[in-house]
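Reader: I am new to reading protein models. Can you take me through this one, step by step?

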Amino acid sequence: MSAALNGKQVAFLLTDGYEDSELTSPWEAVTGAGATARLVSPATQDVTGKNGHVQPVDVAVAEASSDDYHALVLPGGVVNADDLRMDETSVAFAKAFFAQGKPVGVICHGAWILIEADVVRGREVTSYPSLKTDLRNAGASWVDEEVVVDQGLVSSRTPDDLPAFNAKLVEEIGEGEHEGQHA
């Protein structure tokens, strides 16, 4: 186990319908690097991925504070991302990480919550290709690359990109707060 992220707390914000590997793979990457991962959700019990992975909720988003975490990860999955962007508390929780300059990792459809939080304007990002127009309409510069890093914001397209996403996510969390990361 690497000690690169020892003492770091990483929040994973999601609800039912998430893309299983987009939770489990980054979770393993950050905990393998020494961080403590916590599942934050509008749900209060367990959450179930679209392929059946079940994981217990550690903290209800209504009780969570970005002050308690060093970074945020937003897994994708259409149902998960759509539900989160409709939940004002989840949107506010995500936006707070940007206001504090903290690293945020987002993959696939997870970018929907960032659009709702109005934090992508002027940023270079990638996502699942069907979000390209949504992100551009929100002021982002969308590119088709496996991983994009823009001042602490790490984004990727699909589960195929997880190895590159995980490596950059661990790197950005290790670097800590970024001046260019803002709400």
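Reader: Where in the chain does Val10 sit?

Author: Keep in mind that this is a predicted model. Strand β1 covers residues 9-13. The place of Val10 is in strand β1.

Reader: Is Val10 buried or exposed?

Author: The cut-off for buried is under 20% relative accessible area. Val10 has a relative accessible area of 0%. That value is under the cut-off, so Val10 is buried.

Reader: Which residues does Val10 contact, beyond its neighbours within four places in sequence?

Author: Some of the partners are far along the chain. Ala71 is 61 residues from Val10, yet their C-alpha atoms are separated by 5.0 Å. Ala71 is also one of the contacts of Val10. The full list is Val30, Ala35, Thr36, Ala37, Arg38, Tyr69, Ala71, Val73 and Ile173.

Reader: What is the strand order in the open sheet of seven strands?

Author: The pairing in this sheet is mixed. β5 (59-60) and β10 (147-150) stand at the edges, each with a single partner strand, so one side of each has no neighbour in the sheet. The order is β5-β2-β1-β6-β7-β11-β10.

Reader: How many bridges join strand β7 to strand β11?

Author: β7 holds residues 104-107, and β11 holds residues 153-156. The two strands run parallel. Val104 has Leu153 as its bridge partner in β11, and Val106 stands opposite Ser155. The number of bridges is four.

Reader: Which residue of β6 stands opposite Val106?

Author: Strand β6 covers residues 71-74 and runs parallel to β7. Three bridges join β6 to β7. The residue opposite Val106 is Leu74.

Reader: Which residues of β7 point the other way from Val104 and Val106?

Author: In a regular strand the side chains alternate between the two faces of the sheet. In β7, Val104 and Val106 point one way. Both these and the residues on the other side are buried. The ones pointing the other way are Gly105 and Ile107.

Reader: What is the radius of gyration of the protein chain?

Author: The chain has six helices and 11 strands. Of its 183 residues, 55% count as buried. A compact globule with 183 residues would have a radius of gyration near 16 Å, and the chain agrees with that. Its value is 14 Å.

Reader: How many negative side chains does the protein chain have?

Author: There are 12 positive side chains. The centres of the positive and negative sets lie 5 Å apart. The number of negative side chains is 29.

Notes:
Residues are numbered from 1 along each chain as its sequence is written. This is a predicted model: local features need pLDDT of at least 70, side-chain atom pairs count only at pLDDT 80 or more; totals for chains, interfaces and linings use all residues. Side-chain values use heavy atoms; hydrogens and water are left out. Buried means under 20% relative accessible area, exposed over 50%, partly exposed in between (1.4 Å probe, protein chains only). Contact means heavy atoms within 4.5 Å. The radius of gyration is taken over C-alpha atoms; the globule rule is 2.2 Å times the number of residues to the power 0.38. Lys and Arg count as positive and Asp and Glu as negative; His and the chain ends are not counted. The place of a charge is taken as NZ of Lys, CZ of Arg, CG of Asp or CD of Glu. Two strands pair if DSSP finds at least two bridges between them.
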